[in-house]
Number of protein chains: 2
Amino acid sequence: MGGSSSNKIQNRTSHDSKSLYAVILAGGAGTRFWPLSREAYPKQLLPLMGEGSLLHQTIRRVQGFVPPGNIWIVVTEDKAQDIQFHLAPLGSMANHIRLIKEPMGRNTAAAIGLAALYLHRLSPESVMIVMPSDHAIPETEKFLEALRLALHGAEDDYLITFGIQPTRPETGYGYIQANPSEVINGLLKVECFVEKPNLQTAQAYLADGRYFWNSGIFVWKASKILSEMKIHLPHLYAALKEMENLLFLPSSQNENDKSERRISLCAALYAKLESISIDYGVLERSQNILMVPAYFQWSDLGSWSALDDIMEKDEDGNILKGNVINIESRNSTIFAGERLIATIGLRDMVVVDTPDATLVSPKERAQEVRKVVEKLKQSGREEHLIHKTVERPWGRYTVLEKGKGYKIKRIEVNPNAKLSLQLHRRRSEHWVVVSGVAKVTRDRETYLVHSNESTYIPIQTQHRLENPGEEPLQIIEVQNGDYVEEDDIERFDDDYGR
Amino acid sequence: MGGSSSNKIQNRTSHDSKSLYAVILAGGAGTRFWPLSREAYPKQLLPLMGEGSLLHQTIRRVQGFVPPGNIWIVVTEDKAQDIQFHLAPLGSMANHIRLIKEPMGRNTAAAIGLAALYLHRLSPESVMIVMPSDHAIPETEKFLEALRLALHGAEDDYLITFGIQPTRPETGYGYIQANPSEVINGLLKVECFVEKPNLQTAQAYLADGRYFWNSGIFVWKASKILSEMKIHLPHLYAALKEMENLLFLPSSQNENDKSERRISLCAALYAKLESISIDYGVLERSQNILMVPAYFQWSDLGSWSALDDIMEKDEDGNILKGNVINIESRNSTIFAGERLIATIGLRDMVVVDTPDATLVSPKERAQEVRKVVEKLKQSGREEHLIHKTVERPWGRYTVLEKGKGYKIKRIEVNPNAKLSLQLHRRRSEHWVVVSGVAKVTRDRETYLVHSNESTYIPIQTQHRLENPGEEPLQIIEVQNGDYVEEDDIERFDDDYGR
């Protein structure tokens, strides 16, 4: 993907490519793909199909099309570090990606407005390609074709939305009604936006030919979207301008204090912003919208059943992944991991297995998984929050078992990575190295622990675990204590600024 | 159960209760309830419903009705130790239960013939109540009523079979056609045995009233079944007589040698026995059969769907067990353990979860689970053989994880129990005590390891783990080595004769 990228940049428009930006919205919550997605591991981080996660794929889709450094990700403050760690596998490219942090989630109008503020400040000519981070678009070339067309319209100060040509009477999407008699440089004038239709209406839309799926992909100048916000969302616009003043205030003495105060003022302003989508807030109200008719395969992956539209199936219509033994099932989606999932004679079912939770549902009801998540929340459980294996900047850990007074973890430390210098008030830890070499700091001593050796960290003792080698380090940690939760940790020094 | 048992014995017949025996057939394989049942953990050991396992329930059903010491279990040699361990929770009663060991499984005619040999030798008047170990009969009193009736018939030298009054047009059972015009002491003359019918025939049987389900429960004199075998299964009978000569040969010098030779001769004879059911081999051919019409709830638990006939359901017709979050499913059976199973809108489905395998199937196809087991066998996997938690005479262990060069187990040792004195050639072991106190023997030292302490057993070192206390001992064992399989064990001393 993005291989012949230099061509694309030259071909695209007369516009200076330097001021072309991709703005990826990565604020999605992630209940729809539970149990694979969790609150701390939302849909955009999932490797559902193809290479890498949906977010990785979104980035690669425009990599080369926009200049290095011009890929921005809008993310809420609390998710920013997870996203940052998640970008690491992209290598040096990850360093060029800029995160725009929202103090909290306030829907797409606010997120796009915030990004537009920054971009407009950088250059009044900035053009932004706005993309959700969790959609599936397998055909990059076709996407870029549509994008080139859209850029022309954006140059001419239109707001451009991507309308996907429908391939079935889908009732799960909103539609855009275009006016094919008004074509401007290959772009269509938009008549109106329509809500998710019932089946009959969707069938009529499909037959009609003027209706397109509303994809949530947009292209426009930062200056143009801001001026439209000023008209259609005046309160939101005013608050953003106030934030701009705070953010870009000339620096003075005692800068640190001011900066902290500014951040908290910004957060207070942001918290009060109207939570509205860009579609409702601007697009449906503006007269300056054009639609690029797009012919690529696309899915918003709104639920497990949406994989059907986008993933390859076996001859019986099944999507099978992982350790599955299947006897004569049809049109079913079975996502297994290492554990065995045996299925017999299923029809149109979804089965999703993870180490701590399994979902079984007919496809047509898979979107009700949110009810399961709701029940988990109400009962104070954690299967909706985190996975058994938790990714960390230094590697990952898996809780193998938790019992009264103890917890067992497998900890994997990446080559040359180290955990923070830390201390636990209420637990001791036994570490058995099963592969690699560990460098252990315990109080004032530092020593190596090799495979098949063990060491002991007493309660209330400063310690640090480090992988000084070039191969991964794996240890089994047995925690003992009256309280063995993650929040019993005091950090003294950390490579990752935690 | 079996509370007012002394009454029953007095009431039952004029027959001397001392020669009344319960013979429980425990040779079942256990693929039908996979993944809950495994080859090493067959259906009769499962606690599917009620108190204890199906085998425990079968024993308790006749406990008190037959004298202590008169409960015999016929089991194959290779399963005998597992069954023995499984009986331990029954307490002192377990010591009175006698195991009759078949060298290998050879169907019910052989198993019953073998038990009859022994019983007839004890007393020519012995009466045997033959019962499968893995059926569900929740109503003990009604069962005992039928049993009393059956005993009268057995006294009069009839072979008595239990026919269950059908409550639905079941196509999964064989039927007995009785002749209600010939009633002998409340028992009916049997016209014939009929194979599993199709639905239409089963409906006709149900309407007819003369048809009963063939339950596989029998009562007869040992002498009578042997004489019927002599007529209808002459080869099998002759081989059994030959075995009898070997088994009951007067002892002489060098008894040990002879005994070993006898055992291997018996095994060779047994291996050649015709593998035929008692129904085909004797009952269908004999003229001396009476049927006791039985009116108790009964199921042979032939597949997961059979639980419907015997277990309590919620208001939506579901059987839910364990950690289940269910959204609007109906008539479904969900067996979960500690892991979360979330189900949405299921209809007539079976979902069974275990730590290493999950089954999802429509109820009506649940019996095809044997195809899954077949595939597992073919692919050389072990999910059909054992569970992640393996019961041992001293407690149990659970494999928490196995990786390249290591294996992690949680080991629970019962109070006052000890593992064998042993040695591993290819692995070392780290033990971390998480609760209780361990007494550890390592080479010539013996020492205590308390909770939150650890110890290390080097490779090729004799060692023993023991729980000297009154509370359960739990340790986490991390094995390290190039080979970490169970068969790397050399035993020097063992409380359990292994």
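Q: When do two strands count as paired?
A: Two strands pair if DSSP finds at least two bridges between them. In general, strands of a sheet pair through backbone hydrogen bonds, either parallel or antiparallel. In this predicted model, strand 10 of chain A is joined to strand 12 of chain A (residues 333-335) by three bridges, and the two run parallel. Within this pair, A:Ile319 stands opposite A:Thr333 of strand 12 of chain A.

Q: In what order do the six strands of the open sheet lie?
A: The order is 10(A)-12(A)-14(A)-15(A)-13(B)-11(B), with mixed pairing. Strand 10 of chain A (319-321) and strand 11 of chain B (324-327) each have a single partner strand, so they stand at the edges, and one side of each lacks a neighbour in the sheet. On average, neighbouring strands of this sheet are turned by 5 degrees against each other, direction ignored.

Q: Which strands does helix 12 of chain A lie across?
A: Helix 12 of chain A (residues 369-378) lies across strand 15 of chain A (357-362) and, from chain B, strand 11 and strand 13 (340-344). The helix runs at about 135 degrees to strand 11 of chain B.

Q: Which residues of helix 12 of chain A are buried?
A: An α-helix has 3.6 residues a turn, so residues three or four places apart point the same way. In helix 12 of chain A, the buried residues are A:Val369, A:Val372, A:Val373 and A:Leu376. These residues cover an arc of only 100 degrees around the axis, which puts them on the same side of helix 12 of chain A. Their cover includes strand 15 of chain A as well as strand 11 and strand 13 of chain B.

Q: What follows helix 12 of chain A?
A: A:Gly380 follows, and its phi is positive, near 70 degrees.

Conventions
Residues numbered from 1 in each chain as written. Chains lettered and ligands numbered in written order. Predicted model: local features only at pLDDT ≥ 70, side-chain atom pairs only at ≥ 80, totals over all residues. Helix = DSSP H or I, 4+ residues; strand = E, 2+ residues; numbered from the N terminus. Axes fitted to C-alpha atoms, helices over the stretch in contact; angles between N-to-C directions. Contact = placed C-beta atoms within 7 Å. Buried ≥ 20, exposed ≤ 12 C-beta atoms within 10 Å, placed from the backbone. Arc of directions from axis to C-beta.
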